[in-house]
Amino acid sequence: MCHAMPQAICQLRNMPLSGDKELDDQIKKWVKWDHNGDTLGQIMDAVKKEQWDVLRCRLCRRISFGTSGLRGVMRAGFDSMNELVVIQSAQGLCAYLKEQYPEEAMWPERGVVVGFDGRYNSQRFAELTAIVFLANNFRVYLFQQYVPTPFVPYTVLRLNCLAGVMVTASHNPKQENGYKIYWTNGAQIIPPHDEGISQAILDNLKPKEDSWDETVLCANELLCDPYNDVVPAYFDALKKEMTCTLLEANSKCQLTFTYTAFHGVGYPYIKLAFPKVGLKPVIPVKEQVNPDPEFPTTPKPNPEEGKSVMALAIKTATAKKSPVILANDPDADRLAIAEVGDDKQYKLFTGNELGALLGWWSLENYKLSAEEPDVSKCVMIASTVSSKLLKCMAEIEGFTFHETLTGFKWMANKAAEEQNAGKKVLFAFEESIGYMVSTNVLDKDGISAAAHVATMACYLRCKKCMSLQEKLRDLYEKYGFHFSIVSYVVCRDKALIKQIFDRLRTFDEEQENTYPTSILEGEFEIENVRDLTTGYDSSTGDKKAVLPVDESIQMITFTFKNGFVITLRTSGTEPKMKYYAEMCGKPEDKRWDELEKTTRRMVEAAVNEFYEPEKNGLQRKPED
């Protein structure tokens with residue numbers, strides 16, 4: 001690649017620097033190491049303009065692994081997503097794999113898989129990753145076209161790879177990109193691998209000259225496209241999850257489904273999935289089904305944002321008289337759904353509501369397909385901020401339920417652990433519309449979830465004469481009414497975020513581990529507090545939390561005496577302070593309207609008293 005690096009080095013020698021040794025050293029390293037003219041130019045321009053504070057933010061901090069791997073704005077700087085940072089990350093991952101798998105014969109035999117979505121620079125970042133591994137004698141399975149994120153972990157397992165990399169920022173704004181890493185077991189990395197890879201990156205920051213050598217991508221025996229080995233097998237495995245009876249019911253049911261990809265990569269794969277399981281083709285939202293890194297109709301390409309971002313899908317479904325809407329996020333690992341009700345309005349299901357339905361469906365499907373079903377050997381998993389309805393279902397139906405930290409990396413690794421112990425893992429979910437139906441993919445998967453939701457809807461409509469909304473109410477009758485509210489406030493000031501949470505930890509005259517004891521002047525009393533940032537848990541004998549502690553994320557859960565639970569948590573990928581609230585009613589309590597009103601009142605009070613949005617200048621989520 002031709003680049004401006006030698007000229008920039010010469011220019012830098014004749015330019016005044018900041019006088020801050022750490023910053024000046026970082027500037028020199030960037031100029032020596034970066035081969036991309038655009039990002040090199042950004043740094044040089046900032047030096048010329050003496051923007052030392054900007055450069056300090058960009059170069060003296062490093063992007064780190066969060067809930068979903070690396071994720072950040074695409075721009076120059078060690079704190080951002082760019083070609084140099086991608087090469088450094090690939091070099092670190094490669095070095096760590098060599099350390100974990102020192103037998104050199106394994107590298108070209110098992111190799112790594114690399115995929116990318118439709119965002120700006122995604123393919124380029126994937127190719128740079130491939131170059132690093134090829135230069136180190138690893139086989140590289142590099143997809144040559146856009147793929148949904150779940151196809152990377154599926155490939156890791158199917159082709160027995162050592163690791164997988166997916167270049168994606170999922171549903172984040174168009175300016176961002178990311179770097180997800182999957183381990184040999186097909187799940188996203190967790191400790192100790194995330195810390196090990198982070199350290200290996202720091203130990204391998206200087207790019208090797210061959211890390212930029214694009215010629216290794218030409219006629220290389222170690223490089224291949226895994227599409228034909230993987231994609232047909234994925235859909236065969238999906239079909240095997242359903243009985244012949246279900247496949248036949250799908251083909252006969254007249255229910256129609258409207259589909260949007262949110263300008264992402266999902267549509268070609270949905271078009272393959274639906275006929276494979278006997279479903280009729282979806283009705284596409286034409287303005288949104290093709291990949292477009294500009295996300296022109298959805299500046300926030302996240303189905304979680306509610307009806308405001310689903311307007312085009314609702315318009316299409318209404319015009320076509322299609323009762324169910326399916327929406328994948330741009331990398332197709334998440335799924336949102338809506339269904340028209342008796343009032344002719346579309347109800348957008350929350351992640352917790354769809355989690356309840358798919359949990360029931362996973363158990364129902366298992367009972368329909370297993371020759372000798374043994375529910376006691378079955379397992380379902382949810383993150384700690386998700387609905388507790390599956391826990392109530394487990395107590396009645398007899399399967400095992402596990403709760404994990406937030407993020408599918410924890411649930412997927414728990415699923416792998418249970419599977420290795422001989423258990424049948426049926427389902428895992430998190431409230432942020434992520435669903436893992438079966439263990440074909442050890443991650444959330446919006447393609448398989450869409451096929452299962454459509455099959456469930458056909459089964460209910462054509463076999464049980466029920467809508468999805470009617471089935472949800474049926475679940476509440478049996479397992480108790482569960483009403484949840486999940487939302488957020490925006491805060492870009494990290495110091496203020498820490499101050500807000502520290503106030504809650506020292507609530508009684510600034511004494512440590514003294515938290516609020518009630519809301520609304522004592523009307524609703526708090527029974528237990530769990531703080532997974534510090535490890536404090538008032539409900540345990542030793543006051544220590546059972547779940548792992550993560551000091552990098554603020555996370556406090558308040559459990560009230562009336563069954564209301566609210567968790568306050570910072571996002572690992574966005575400038576959001578989230579709150580996850582749920583009222584867990586008992587099966588015998590049929591006062592659903594009253595429970596919902598109480599929940600709404602308690603949420604409003606808890607957010608106002610704990611986050612103090614007006615006092616702290618926090619921006620609330622816009623209402624639909």
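**A pocket and two cysteines**

About 1,400 Å³ of space lies in the second largest pocket. The model is predicted.

Visitor: Which residues lie nearest the centre of the second largest pocket?

Guide: Thr 350, Ser 484, Ile 485, Val 486 and Arg 600 do. They are among the 48 residues that line this pocket. Elements giving two or more residues to the lining include helix H14 (351–369), strand S16 (482–490) and helix H20 (592–611).

Visitor: Which element gives the largest share of that lining?

Guide: S16 does, with eight residues.

Visitor: What makes up the lining, by class?

Guide: It has 19 nonpolar, eleven polar and 18 charged residues. Arg counts as charged and Ile as nonpolar.

Visitor: Now the cysteines. Why is Cys 57 not bonded to Cys 60?

Guide: A disulfide needs two cysteine sulfur atoms within 2.5 Å. The sulfur of Cys 57 is 8.8 Å from that of Cys 60, its closest cysteine sulfur, so the gap is too far for a bond.

Visitor: How do you know that Cys 491 is in no disulfide?

Guide: The nearest cysteine sulfur, that of Cys 57, is 16 Å away. The cut-off is 2.5 Å. By this rule the count of disulfides comes to zero.

Visitor: Why is Cys 491 called buried?

Guide: Buried means under 20% relative accessible area. Cys 491 has 5%, so it counts as buried.

Visitor: What makes Cys 57 partly exposed?

Guide: Partly exposed falls between the 20% limit for buried and the 50% limit for exposed. Cys 57 has a relative accessible area of 35%, so it is partly exposed.

Methods:
Residues are numbered from 1 along each chain as its sequence is written. This is a predicted model: local features need pLDDT of at least 70, side-chain atom pairs count only at pLDDT 80 or more; totals for chains, interfaces and linings use all residues. Side-chain values use heavy atoms; hydrogens and water are left out. Buried means under 20% relative accessible area, exposed over 50%, partly exposed in between (1.4 Å probe, protein chains only). On a 1 Å grid over the protein atoms alone, a cavity is a set of points where a 1.4 Å probe fits but cannot get out, and a pocket is an open set with protein on both sides within 12 Å along at least five of seven lines; lining residues have an atom within 4 Å of a point. Grid points are joined across faces, edges and corners, and a volume is the space filled by probe spheres set on the points. Helices (H or I, at least four residues) and strands (E, at least two) are DSSP runs, numbered from the N terminus.
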